[in-house]
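Reader: I'm new to reading protein models, so could we go through one together, a topic at a time?

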Amino acid sequence: MPSKQADIVLAPPGRVKAAPRWQPCRGLEYAAVWRTPSQETPVADSGDIIREIRMNPIVPSESVLVATARSMRPRKAEEPAARDRRGHVETCPFCVGNEHMTPPTIAAFPGQADWQVRIVENLYPVLGDDSSATPLVFGLQQAMDGYGRHEVLIDHPKHGVAIHEMSAEHLALLLGAYRDRMEQLYAGNDRIRYVLVFKNFGAAAGASIPHTHSQIIAMPVVPENVFNEVASSRAHYQKHHQCIFCSLIDEALTFEATIYDRTSGEVRRRISVGQYVIERGERFIAVKPFASRFEWEIHILPLNHEADFLTVTEEDRQDFARVLRRTMARLDAVIGGAQYNFFLHSLPRSPDLADCAGSYHWHLEICPRTSIPTGFELGSGLFVNTISPETAAEQLRAVEL
Ligand SMILES: [Zn+2]
Ligand SMILES: [Zn+2]
Ligand SMILES: [Zn+2]
């Protein structure tokens with residue numbers, strides 16, 4: 001797997017034309033741009049070199065360095081995961097017929113005997129419901145007990161089937177399993193503040209068992225990433241009386257602009273309609289985030305405002321399944337055997353976030369792992385993206401399905 005940090009040079013010494021300034025790029029989306037005399041017009045869709053820091057419009061304290069200079073690119077093409085395409089593996093605990101090899105079944109869909117999706121206890125849970133409730137405080141050091149639930153969802157009875165190879169009907173069933181189990185976990189204990197559903201696919205994404213599966217973790221705290229999104233979008237709502245996710249969807253669907261340099265009059269960026277749209281269903285949209293942390297990151301959101309994943313209807317699930325399947329097929333066609341994480345972000349159950357139903361908007365984030373984060377990223381918190389989101393979106397859209 002290539003490293004992202006081939007050679008980090010923001011701008012060659014002495015060649016910086018102007019200090020970076022925060023400048024509006026499109027509507028809610030901002031970037032700081034370093035320009036050098038050799039860079040004529042860094043128009044996003046022309047394939048020119050881009051070297052800019054883009055603010056995450058939803059969480060402005062998070063930003064991404066988009067650096068597409070050749071020296072910043074991975075040295076070779078992304079390494080595909082060694083896909084295990086076997087239908088059935090005798091020794092695999094998740095394969096159909098081997099149910100006795102897993103911890104007991106918590107739930108099975110549509111039923112125990114003919115299960116298509118099965119939920120079991122995790123053999124090595126990161127959180128458990130057997131710990132004491134006494135919080136530990138020592139000086140400035142505080143700890144909460146690791147109360148929670150950690151479960152495994154076996155996505156499919158077949159061993160090596162990828163998401164885009166599952167039928168839309170099966171994916172709708174899987175999404176229903178996510179929803180139903182989330183609801184049960186929230187209802188089962190009022191100490192639960194967040195239920196995170198996620199999937200690791202491929203060794204680089206942390207999957208330890210090759211059989212396709214997802215995980216569900218119910219926890220007594222709202223994780224920081226979710227908290228930051230919910231709190232920042234609430235602040236936006238209080239100021240603008242608009243859900244920022246809805247505004248970003250509107251921008252993705254309708255925005256058209258040419259941004260000129262203030263002094264030279266050169267074209268700095270052209271935004272065309274649908275530039276960030278990867279897939280559009282009747283009820284869901286898959287978009288490439290303007291400030292993508294990962295080269296091939298894609299988010300799927302409901303087109304109409306919905307804060308809580310638990311409110312999805314049967315029709316929603318069917319359309320979501322179609323959009324997810326087509327999106328994953330595009331990713332597979334472009335980067336072949338993508339190793340990825342995906343996770344659901346939905347309204348937490350926290351008293352101090354109870355007023356966020358109008359301002360938060362649930363979504364699925366798909367984050368393919370095509371390079372290893374380096375010290376620069378871990379030390380700075382600034383993600384480096386070596387392919388411009390505009391170019392990546394264009395390539396993903398160009399796939400004929
Ligand atoms: Zn298996
Ligand atoms: Zn919204
Ligand atoms: Zn999110």
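Reader: Let me start with one residue I clicked on: is F383 buried, exposed or partly exposed?

Author: Before I answer, please keep in mind that this is a predicted model. F383 has a relative accessible area of 27%, so F383 counts as partly exposed, because that class lies between under 20% for buried and over 50% for exposed.

Reader: And which class does F294 fall into, buried or exposed?

Author: F294 has a relative accessible area of 11%, which puts F294 under the 20% limit, and therefore F294 is buried.

Reader: How are the rings of F294 and F383 placed, then?

Author: Their centres are 5.4 Å apart and their planes stand at 65 degrees, so this is an edge-to-face pair. F294 sits in the loop between β15 and β16, while F383 belongs to strand β19 (residues 383–385), so the contact ties together parts of the chain that are 89 residues apart in sequence.

Reader: How many aromatic pairs are there in the whole structure?

Author: A search of the whole structure turns up nine aromatic pairs. One of them joins Y276 and F290, whose ring centres are 6.4 Å apart with planes at 70 degrees, so that pair is edge-to-face. Y276 is found in the loop between β13 (267–271) and β14 (277–280), and F290 in the loop between β15 (284–287) and β16, so the parts tied together here are 14 residues apart in sequence. Y276 and F290 are both buried. Ring pairs also link F284, F309, F320 and W362 into a cluster.

Reader: Switching topic, what holds the zinc ion (ligand 1)?

Author: The zinc ion (ligand 1) is coordinated by C92 and C95 through their SG atoms and by H159 and H211 through their ND1 atoms, at 2.0 to 2.3 Å. Along the chain, these donors follow the spacing C-x2-C-x63-H-x51-H.

Reader: So where do C92 and H211 sit in the chain?

Author: C92 lies in the loop between β4 (63–67) and β5 (105–109), whereas H211 lies in the loop between β10 (194–201) and β11 (213–219), and the pair links distant parts of the chain, 119 residues apart. Both C92 and H211 are buried.

Reader: What geometry does the site of the zinc ion have?

Author: The site is tetrahedral, with angles of 106 to 116 degrees among the four donor atoms. For comparison, the ideal angle for four tetrahedral donors is 109.5 degrees.

Reader: Okay, empty space next: how much of it lies in the largest pocket?

Author: The largest pocket holds about 820 Å³ of space. It is lined by 40 residues, and the closest to its centre are N56, E229, R293, H299 and E365.

Reader: Which element gives the most to that pocket's lining?

Author: Helix α2 does, with five residues in the lining of the largest pocket. By class, that lining has 21 nonpolar, nine polar and 10 charged residues.

Reader: And what about cavities, how many of 30 Å³ or more are there?

Author: The count comes to three cavities of 30 Å³ or more, and the largest cavity has a volume of about 110 Å³. Its lining includes R83, H164, F201, D332 and Y340, and by class the lining has seven nonpolar, two polar and two charged residues. Helix α4 (residues 314–335) provides the largest share of the lining of the largest cavity, namely three residues.

Terms used
Residues are numbered from 1 along each chain as its sequence is written. Chains are lettered from A and ligands numbered from 1 in the order in which they are written. This is a predicted model: local features need pLDDT of at least 70, side-chain atom pairs count only at pLDDT 80 or more; totals for chains, interfaces and linings use all residues. Side-chain values use heavy atoms; hydrogens and water are left out. Donors are N, O and S atoms within 2.8 Å of the metal (3.2 Å for Na, K and Ca); water is not among the atoms, so sites may look incomplete. Four donors count as tetrahedral if all angles lie between 85 and 135 degrees; four count as square planar and six as octahedral if opposite donors are over 155 degrees apart and all others between 65 and 115; anything else is irregular. Helices (H or I, at least four residues) and strands (E, at least two) are DSSP runs, numbered from the N terminus. Buried means under 20% relative accessible area, exposed over 50%, partly exposed in between (1.4 Å probe, protein chains only). On a 1 Å grid over the protein atoms alone, a cavity is a set of points where a 1.4 Å probe fits but cannot get out, and a pocket is an open set with protein on both sides within 12 Å along at least five of seven lines; lining residues have an atom within 4 Å of a point. Grid points are joined across faces, edges and corners, and a volume is the space filled by probe spheres set on the points. Ala, Val, Leu, Ile, Met, Phe, Trp, Tyr, Cys and Pro count as nonpolar, Asp, Glu, Lys and Arg as charged, and the others, Gly among them, as polar. Rings of Phe, Tyr and Trp (its six-membered ring) pair if their centres lie within 6.5 Å; planes under 30 degrees apart count as stacked, over 60 as edge-to-face and the rest as tilted.
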